[in-house]
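Okay, thanks for coming, everyone. Let me put the protein up on the screen, and then we'll walk through it together.

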Amino acid sequence: MISKVVLKSFFKTRWMRHDLNNESQETDRFSEKQTLDVFKGTDHPDLEKGVAAIGNVLKTLPLRPGVYRMYDSKGNILYVGKARALRNRVANYTQISGLSRRIQRMVSQTRSMTIVTTVTESEALLLEAQLIKRYRPPYNILLRDDKSFPYILLKEDGTFPQFPSLQRHRGVKRAKGKYYGPFASADSVTLTLNSLQKLFLLRSCSDSFFRNRKRPCLLYQIKRCSAPCVGRISEDDYRDLAVDTRDFLAGKSTHVQKKLVTAMEQASNDLNYELAAVYRDRLKALAFIQSHQSINSGNLRNADIFGIECRAGLACIQVFFIRNRQNWGHHAYYLNHIDEQPLEDVMQSFLGQFYDDKIAPKDILTNYLPSDKNVLEDALSSQRDYRVKFYQPQRGELKKLVDQAVRNAKEAIDRRLAEASTQKQLLKEMVNLFHLDKIPDRIEVYDNSHIMGSNMVGGMIVAGPEGFRRNSYRKFNIKSPSINPGDDFEMMREVLTRRFSRLERSDPDHSSSEWPDLLLIDGGKGQVHAVKDILAEQGISDIAIVGISKGPDRNAGREHFHLVDGSEYALPPNSGLLFYLQRLRDEAHRFAIGTHRAKRAKNLTSSPLDEVPGIGPSRKKALLLHFGTARDVKNASLSELEKVNGISSAIARQIYDFFHHSPA
């Protein structure tokens, strides 16, 4: 979603698209002699076209802030950049001698550009971050593991606002209430929520569940809820618990602790030892939460702490979240396309993408300040009602916090490099076993799932040298009515035909990285030869195919691997390559089954009324309230349908015709 600042500026911006292949290549900036001098000693024959194309744009560029996009000859975005002065920034790409090999390669592929001017440089920075996250250009520094972080929500709206609920939240903040976060992972939220339930006994159920309770649920029995649904706690006492929860999550844990200690001592003095034990258990839960906040945040109230480390071509940024003087977890990010860029530039690009859809705290600590620190501060501050500041601590407690983030980033890189080394060795073994031409960069694994032919789906997962590529996973709903229930061969035919016919249309030259080097099929010789024939029908014969079957007694560890030439292999039960191939197969199986279950669950809650044109949720509800079931709606006469409140004669005729006169 484009931010309000950038959206507002769109009314003051100017878009320019330059299709440079259709323009004259003669410019007053680049004469033939100058061009020959520029490209002397380079090894990219298309550099001349790219520089000339960029040169044509320079004649129309203003000295204003803005964002530019570079496209190749097929219209694919190569790079998104922002500038304080567009003409000066884009002109740098024509100075070939000062560009790295990687940027030279990008320039050689450039054939057109899109320009948008903005009012300020900070608006250009926000727009650049949004476009990078949307298009993921191959020459930008990319934030690989981006996601929406989970929050804890103290929900105060709904049917029972007097009894606020405590729950996990991820995504758009539409519900009314207090949001606490972000937390680094779902595990962090789960751990904290479990302890908060023991500590404050707030409900976590939905309003519909709360409304229909006649007796306390299991959470009350295990002392994780005060059962306001059946009146086991008064509204005033529950409100006190909600206030204590807000205080604790706002960082006032000492106040809450003193209050619990006082209440426990009072109960003990009154000889109410059972109540004192309840307060004792709540104090234990409080101590547990505090013990898991391993970072001493010092005087920091709300801050993010970043540490970047780069080694062996791999960059990792570790971030710690400090909210209300509490450590709410940490997360590691790995970056693509960093090359030999200064770490200040890497941090600048990362932070722009990171805070595109997240709330920036007042204080941000890093071991490398972003290269355009002031611009980034202005951009982030424009979205908040406070000033966001970046710091690079040089001494003291804050320096120790940053050093801890850097140390975690180093350890994360060590683990990733060790895993990559093992993965590379396994892929080399795979090349030898399956007689491949090279180490596969893209492995696609296919599997089908259904129950007696119902809700048939196919799943495709993708893996490479770096591991699973989950953003490349694909699911296929089997649509052909001619497929017999449970016919795995025909299901696989439809999946592969749809997958590769689409790929063939979009990239007939087979130059895209979307083409796989190896297909791993869950099945034996029959499935392998069927897949070979399916690909041959589309003129594809250069993709290796391997089938993996369960082997004797279908025991894991005795799998057999089948090649197109009819050869068959088995690996020792303790082989690392066997474990790796099993993991690929099992991941495809998990993905296919998950897709099938989701489709089956959706179909279980579907209604014949969903298929009637013009029937939305309100009319569907009116029909069901009147008739009771969808079957009764289907069997109703026209006159009966016209009696339903909110259903006009025309809509009644439409419903009646759908069920009685629609083609079979």
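I'll start with the overall picture, then go through two helix pairs and a handful of single residues.

One thing up front: this is a predicted model. The protein has 22 helices and 21 strands. Of its 664 residues, 47% are buried. And if you take contacts between residues at least 6 apart in sequence, 64% of them join residues at least 24 apart.

Okay, first stop, helix α6, which covers residues 121–135. How far apart should its ends be? Well, with 15 residues at 1.5 Å a residue, α6 should span 21 Å, and the end C-alpha atoms are indeed 21 Å apart, so the two agree. Is α6 mostly out in the open, or enclosed? Count the residues: 13 of the 15 are buried, so the rest of the structure largely encloses α6.

Now look at what α6 packs against. Helix α14, residues 373–381, has an axis that comes within 8 Å of the α6 axis, and the two cross at roughly 80°. Anything from 65 to 115 degrees counts as roughly perpendicular, so that's what we call α6 and α14. On the α6 side, the contact uses Glu 121, Ser 122, Leu 125 and Leu 126. On the α14 side, you've got Val 375, Leu 376, Asp 378 and Ala 379. Sort the residues of that contact by type and you get 5 nonpolar, 1 polar and 2 charged.

If you're wondering about the spacing of those positions, remember that an α-helix has 3.6 residues a turn, so residues three or four places apart point the same way.

Right after α6 comes Arg 136. What's unusual about its backbone? Arg 136 has a positive phi, about 50°, even though it isn't a glycine. Arg 136 sits in the loop that runs from α6 to β5, residues 142–143. Its relative accessibility is 33%, so Arg 136 counts as partly exposed.

There's another residue like that, Lys 223, also not a glycine, with a positive phi of about 65°. You'll find Lys 223 in the loop between α9, residues 218–221, and α10. Lys 223 has a relative accessibility of 55%, and since the cut-off for exposed is over 50%, Lys 223 counts as exposed.

Let's carry on into α10 itself, residues 235–249, where we find Thr 245. Is Thr 245 buried or exposed? Its relative accessible area is 0%, so Thr 245 is buried. What does the polar part of that side chain have beside it? A polar atom of the Thr 245 side chain lies 2.8 Å from the backbone oxygen of Leu 241. Leaving out residues up to four places away in sequence, Thr 245 touches Leu 166, Phe 200 and Leu 202.

Back toward the start of the chain for the other helix pair. Helix α3, residues 47–58, packs on helix α5, residues 101–109, with the axes 6 Å apart and an angle of about 75°. That makes α3 and α5 roughly perpendicular to each other too. From α3, the contact takes in Leu 47, Gly 50, Val 51 and Ile 54, and from α5 it's Gln 104, Val 107 and Ser 108. How many charged residues are in there? The split is 4 nonpolar, 3 polar and no charged.

Next, helix α15, residues 396–434, and in particular Val 431. With a relative accessibility of 14%, Val 431 counts as buried. Not counting residues up to four places away, Val 431 touches Leu 436, Lys 438, Ile 439 and Pro 440.

Last one: Glu 568, in strand β21, residues 568–570. Glu 568 has a relative accessible area of 37%, so it's partly exposed. Which residues does Glu 568 touch beyond its sequence neighbours up to four places away? Those are Lys 525, His 560, Phe 561 and His 562. With one of them, His 560, the side chain of Glu 568 makes a side-chain to side-chain polar contact at 2.4 Å. And Ile 548, which is 20 residues from Glu 568 in sequence, is 9.8 Å from it in space, C-alpha to C-alpha.

That's the tour, so let's rotate the model and talk.

Terms used: Residues are numbered from 1 along each chain as its sequence is written. This is a predicted model: local features need pLDDT of at least 70, side-chain atom pairs count only at pLDDT 80 or more; totals for chains, interfaces and linings use all residues. Side-chain values use heavy atoms; hydrogens and water are left out. Helices (H or I, at least four residues) and strands (E, at least two) are DSSP runs, numbered from the N terminus. The expected span of a helix is 1.5 Å times one less than its number of residues. Buried means under 20% relative accessible area, exposed over 50%, partly exposed in between (1.4 Å probe, protein chains only). Axes are lines fitted to C-alpha atoms, for helices over the stretch in contact, and angles run from 0 to 180 degrees between N-to-C directions. Angles under 35 degrees count as roughly parallel, over 145 as roughly antiparallel, 65 to 115 as roughly perpendicular and the rest as oblique. Contact means heavy atoms within 4.5 Å. Ala, Val, Leu, Ile, Met, Phe, Trp, Tyr, Cys and Pro count as nonpolar, Asp, Glu, Lys and Arg as charged, and the others, Gly among them, as polar. A polar contact is a pair of N or O atoms within 3.5 Å; within protein, one must be able to donate a hydrogen and the other to accept it, and residues adjacent in sequence count only if both atoms are side-chain atoms.
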